[in-house]
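Here are a few friendly notes to read alongside the model. Please keep the structure open as you go through the points.

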Amino acid sequence: TPPLPIHPYLDPKVCCVAALPMFLPMVSCHKRTARWTARHELSKHCVLDLDGKEHELRAGLEWQRCLTNALLGYTSAITAAFESLENAHRALEAGRVGEAEGAGFIAEKLSIGLLEAHSLVRDVAASVCPPLEARRDALEACAEDLWQADEIVEELERCRSKVELAEKNSSKRQVKSFLSARRLARLKKDQERLKQMEHEASVKQMRAEDALVACSARRQSLCQM
């Protein structure tokens, strides 16, 4: 008898992911793990000011991510369940259940029904899993784009505050003729870096917004699945 497949909910990798929410409060307070835990839920890590429309789109993306993963897990669990039933029935037949009075006919019908149901489940899984996996990868890529865009916008705000403070201080120093060439060069460098970051943030935001709108447009097709 071939070994039973690992049930997805007993797979160590899946168990670690399922247990992740319980450990998030503990690991998110440390600097080294805070950035990693920020990726777990898109709707929780974003601290930027969002309008109602974008907030709704992000919530829809999070819903699609959850449902897609749940559907893949459900399909895997159902397939594994029918494989287990089929193996159990083979063991029953090996135990010569067909020789019991009145049980042979029932065992034969049960075997036929299990084979047909298992075949149907395999066919459904084969047709549904590839598009679901592709959708999952697209949703994760979109979430990653949003995370990167949010991160650079937050970094941009910090850089802008730093430059504004430096400009304010340099203005005061210029009045007192205390502004050195070194400080002036540093300020100019920070200003150039700020412009570069503004451009990069704009590009990342546009890319993330396009991906978010595209994923939102595919919501209905996920519901049809």
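1. A definition first, for the helix lengths below: the expected span of a helix is 1.5 Å times one less than its number of residues. For α4, with 43 residues, that comes to 63 Å, and its end C-alpha atoms are indeed 63 Å apart, so the two values agree.

2. Please bear in mind that this is a predicted model. The chain holds 7 helices and 0 strands, so there is no need to look for a sheet. Read from the N terminus, the order of elements is α-α-α-α-α-α-α.

3. Two overall values may help you get oriented. Of the 225 residues in the chain, 27% are buried. Among contacts with a separation of 6 or more, 79% join residues that lie 24 or more positions apart.

4. The α6 helix passes the length check as well. Its 37 residues should span 54 Å at 1.5 Å a residue, and 54 Å is also what separates its end C-alpha atoms. The buried residues of α6 are L187, D190, L194, M197, A201, A208, L212 and C215; you will find an aspartate, D190, in that list.

5. How do α4 and α6 meet? The axes of α4 (residues 52-94) and α6 (residues 181-217) come within 10 Å and cross at roughly 60°. That angle makes α4 oblique to α6. The crossing in which α4 passes α6 is left-handed.

6. Which residues make this contact? On the α4 side they are E54, L57, R58, L61 and Q64, and on the α6 side L212, V213, C215 and S216. By class, the residues of the contact divide into 5 nonpolar, 2 polar and 2 charged. L212 and C215, named here for α6, are also among the buried residues of that helix.

7. T68 is worth a look too. This residue sits in helix α4. Is T68 buried or exposed? Its relative accessible area is 0%, and since anything under 20% counts as buried, T68 is buried. Setting aside neighbours within four places in sequence, T68 is in contact with L132, R135, R136, L139 and L222. Two arginines, R135 and R136, are thus included among the partners of this buried threonine.

8. One last spot to check is what comes after α4. The helix is followed by R96, and the phi of R96 is positive, near 65°.

Methods: Residues numbered from 1 in each chain as written. Predicted model: local features only at pLDDT ≥ 70, side-chain atom pairs only at ≥ 80, totals over all residues. Heavy atoms only, no water. Axes fitted to C-alpha atoms, helices over the stretch in contact; angles between N-to-C directions. Helix = DSSP H or I, 4+ residues; strand = E, 2+ residues; numbered from the N terminus. Parallel < 35°, antiparallel > 145°, perpendicular 65-115°, else oblique. Left-handed = near helix turned anticlockwise from the far one by under 90°. Contact = heavy atoms within 4.5 Å. Nonpolar A, V, L, I, M, F, W, Y, C, P; charged D, E, K, R; others polar. Buried < 20%, exposed > 50% of the residue type's maximum accessible area, 1.4 Å probe, protein only.
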